[in-house]
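Me: Hi! I've got a structure open and would love to talk it through with you. Can we go through it together?

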Amino acid sequence: MNKDNKLNIACACDDNYSQHTGVMLCSLFENCSLPENINVYVIDGGISEENKENLKKTVNRFKGNIFFKNPSFEKIKNMNLKRHGKMTYTKIFLPEILKNINKVVWIDSDIIVQGDI
């Protein structure tokens, strides 16, 4: 990774997966050679303020950046979501949610990063 570039990481979670997201972020940053060059975009499906603060603390500890994005679920409101919850569809709408971001790496919240991304 070039020092002048930022690596944009995206993930999605709600309160149920915020702890998993924290573990994923910790593994990401612990294995990264330039953690200060990482921007994390968390697609917020209903994260409490307390859990947002915990995620911020994790990222700030490594001097990274974290941003929370609140998507509109208007397009999927009439879909049958019995099998998959609304958070499953955030990947489809990522270009809309992160309009000004040209490149982004998606990492699911239940992933453990084992090497330098």
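Me: Let's start with Lys 57. Is Lys 57 buried or exposed?
Reply: Lys 57 is exposed in this predicted model. Its relative accessible area is 55%, which is over the 50% cut-off, so it earns that label.

Me: And which element is Lys 57 in?
Reply: Lys 57 is found in helix 2. In sequence, Lys 57 is 35 residues from Gly 22, and the two C-alpha atoms are 9.5 Å apart in space.

Me: OK, helix 2. Where does helix 2 lie?
Reply: Helix 2 covers residues 49–61 and lies across strand 2 and strand 3. Against strand 3, helix 2 runs at about 155°.

Me: Let me zoom out, then. How many helices and strands does the chain have?
Reply: There are three helices and four strands. Starting at the N terminus, the order of elements is β-α-β-α-β-α-β.

Me: Nice. In what order do the strands sit in the sheet?
Reply: The four strands make an open sheet ordered 3-2-1-4, and the pairing is parallel. At the edges are strand 3 (65–69) and strand 4 (105–106), each of which pairs on one side only.

Me: What about helix 1, what does helix 1 touch in the sheet?
Reply: Helix 1, residues 18–30, packs on the sheet and touches strand 1, strand 2 (38–44) and strand 3. The directions of helix 1 and strand 1 make an angle of about 160°.

Me: How many bridges are there between strand 1 and strand 2?
Reply: Seven bridges, with the two strands paired in the parallel sense. If you want a spot to look at, Cys 11 stands opposite Val 42 in strand 2.

Me: And on the other side, how many bridges between strand 1 and strand 4?
Reply: Two bridges, also parallel. Val 105 in strand 4 is the bridge partner of Ile 9.

Me: How many residues of strand 1 are buried?
Reply: Seven of its seven residues are buried. Leu 7, Ile 9, Cys 11 and Cys 13 point one way, Asn 8, Ala 10 and Ala 12 point the other way, and all of them are buried. As background, side chains in a regular strand alternate between the two faces of the sheet.

Me: Switching to aromatics. How many aromatic pairs are in the whole structure?
Reply: The search turns up two. In one of them, the ring centres of Phe 29 and Phe 62 are 5.5 Å apart with 15° between the planes, so the pair counts as stacked.

Me: Where do Phe 29 and Phe 62 sit along the chain?
Reply: Phe 29 is in helix 1 and Phe 62 is in the loop between helix 2 and strand 3, so the pair links distant parts of the chain, 33 residues apart. Phe 29 is buried at 2% relative accessible area. Phe 62, with 16% relative accessibility, counts as buried too, because the limit is under 20%.

Me: And which residues make the other pair?
Reply: Tyr 41 and Phe 67, also stacked, at 5.1 Å centre to centre and 20° between the planes. This pair links distant parts of the chain as well: Tyr 41 is in strand 2, Phe 67 is in strand 3, and they are 26 residues apart. Tyr 41 is buried, with a relative accessible area of 9%, whereas Phe 67 is partly exposed at 35%.

Me: While I'm on rings, what lies over the face of Phe 68?
Reply: That's Lys 52, at 5.6 Å from the ring centre.

Me: Back to helix 1 for a sec. What does Leu 28 touch?
Reply: Leaving out residues up to four places away in sequence, Leu 28 touches Ile 9, Ile 38, Ile 107, Val 113 and Ile 117. Leu 28 lies in helix 1 and is buried, with a relative accessible area of 0%.

Me: How far is Leu 28 from Asp 116?
Reply: They are 88 residues apart in sequence, and 7.6 Å apart in space from C-alpha to C-alpha.

Me: Last one: what share of the chain is buried?
Reply: Buried residues are 43% of the 117 in the chain. The accessible surface comes to about 7,300 Å², with 46% of it belonging to carbon and sulfur atoms. As for contacts with a separation of 6 or more, 78% are between residues 24 or more positions apart.

Key: Residues numbered from 1 in each chain as written. Predicted model: local features only at pLDDT ≥ 70, side-chain atom pairs only at ≥ 80, totals over all residues. Heavy atoms only, no water. Buried < 20%, exposed > 50% of the residue type's maximum accessible area, 1.4 Å probe, protein only. Contact = heavy atoms within 4.5 Å. Areas by Shrake-Rupley, 256 points an atom, 1.4 Å probe, with all protein chains shown as cover. Pairing = 2+ DSSP bridges. Axes fitted to C-alpha atoms, helices over the stretch in contact; angles between N-to-C directions. Phe/Tyr/Trp six-rings, centres within 6.5 Å; stacked < 30°, edge-to-face > 60°. Lys NZ or Arg CZ within 6 Å of the ring centre and 35° of its normal.
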